[in-house]
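Biologist: I am new to this structure and would like to learn how to read it. Could you walk me through some of its features?

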Amino acid sequence: LIAILALLWNAGGAFDYAATQMQLDFYMSQFTAEQLEYFYAFPAWVDAAWAIAVWSSLLAALGLLLRKAWAALLFGLALLGLAATTTYTFLLSSGAQLISGGDKQFMIVVWIIALALYFYARAMVKNRVLR
């Protein structure tokens, strides 16, 4: 059940990334002009970190379904990508000013779930559920 929920959750993140990178009008229309300008001006390293976070999380969730130990490694890699993007948003750019209170709370939820999945996968490796 956890693996299925993790896969669904991370598929949502992958969709968000892909829709933003492809600048899909139906999706991007929910953002203000300032937010769009901010998203489209990400430095390459932020785009790379975001991609690493999203795609490694999605693959890690698939790894959970397949009961593979590498899922824990990929969830750890995703945390590094998430840390880089969060650092950019809140410390190195004006991103925090463009995010609403609800989106900041969502960011906390993202962190909680990412950490929980990482520690869950590690525990499953330790208990030899994931091999």
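Modeller: Happily; we will go through helix pairs, then single residues, then backbone angles. Keep in mind that this is a predicted model.

Biologist: Let's start with helix pairs. How do α1 and α4 run, roughly parallel or roughly antiparallel to each other?

Modeller: The general idea is to look at the angle between the two axes, where over 145 degrees counts as roughly antiparallel. Here the axes of α1 and helix α4, residues 44-66, cross at roughly 155 degrees and come within 8 Å. The pair is therefore roughly antiparallel, and the crossing is left-handed.

Biologist: Which residues of α1 and α4 meet?

Modeller: On the α1 side they include A3, L7, N10, A14 and Y17, and on the α4 side they include W50, V54, S57, L58 and A61. By class, this contact of α1 with α4 has 16 nonpolar, five polar and two charged residues.

Biologist: Now the other pair. At what angle do the axes of α5 and α7 cross?

Modeller: They cross at roughly 160 degrees and come within 9 Å. That makes α5 roughly antiparallel to α7. The crossing of α5 and α7 is left-handed. Residues of α5 in the contact include F75, L79, L82 and F90, and those of α7 include M107, W111, L115 and Y118. By class, the contact of α5 with α7 has 16 nonpolar, two polar and two charged residues.

Biologist: Let's move to single residues. Is N10 buried or exposed?

Modeller: The idea here is to read the relative accessible area, where under 20% means buried. N10 has 9%, so N10 is buried. This residue is found in helix α1, residues 2-21.

Biologist: And what does N10 touch, leaving aside residues up to four places away in sequence?

Modeller: N10 touches S57, L58, A61, F75 and L117. S57, L58 and A61 are among the α4 residues that meet α1, while F75 and L117 both appear in the contact of α5 with α7. For a sense of distance, the C-alpha atoms of N10 and G95 are separated by 22 Å, and the two residues are 85 apart along the chain.

Biologist: W9 also lies in helix α1. What does its accessibility tell us?

Modeller: W9 counts as partly exposed, because its relative accessibility is 31%. Without its neighbours within four places in sequence, W9 is in contact with F106, V109, V110 and I113. From W9 to L74 is 15 Å, C-alpha to C-alpha, with their positions 65 residues apart in sequence.

Biologist: Where does T89 lie, and is T89 buried or exposed?

Modeller: T89 lies in helix α5, residues 70-92. Its relative accessible area is 10%, so T89 is buried. Beyond residues up to four places away in sequence, T89 touches Y38, G95, A96 and I99.

Biologist: One last feature, the backbone angles. Why look for a positive phi?

Modeller: Because most residues other than glycine have a negative phi. In this model, phi of Q23 is near 50 degrees, a positive value. Phi of R128 is near 60 degrees, also a positive value in a residue other than glycine.

Biologist: Where do Q23 and R128 lie?

Modeller: Q23 lies in the loop between α1 and α2, and is partly exposed with a relative accessible area of 42%. R128 lies in the segment after α7, and is exposed with a relative accessible area of 57%.

Conventions: Residues numbered from 1 in each chain as written. Predicted model: local features only at pLDDT ≥ 70, side-chain atom pairs only at ≥ 80, totals over all residues. Heavy atoms only, no water. Helix = DSSP H or I, 4+ residues; strand = E, 2+ residues; numbered from the N terminus. Buried < 20%, exposed > 50% of the residue type's maximum accessible area, 1.4 Å probe, protein only. Contact = heavy atoms within 4.5 Å. Axes fitted to C-alpha atoms, helices over the stretch in contact; angles between N-to-C directions. Parallel < 35°, antiparallel > 145°, perpendicular 65-115°, else oblique. Left-handed = near helix turned anticlockwise from the far one by under 90°. Nonpolar A, V, L, I, M, F, W, Y, C, P; charged D, E, K, R; others polar.
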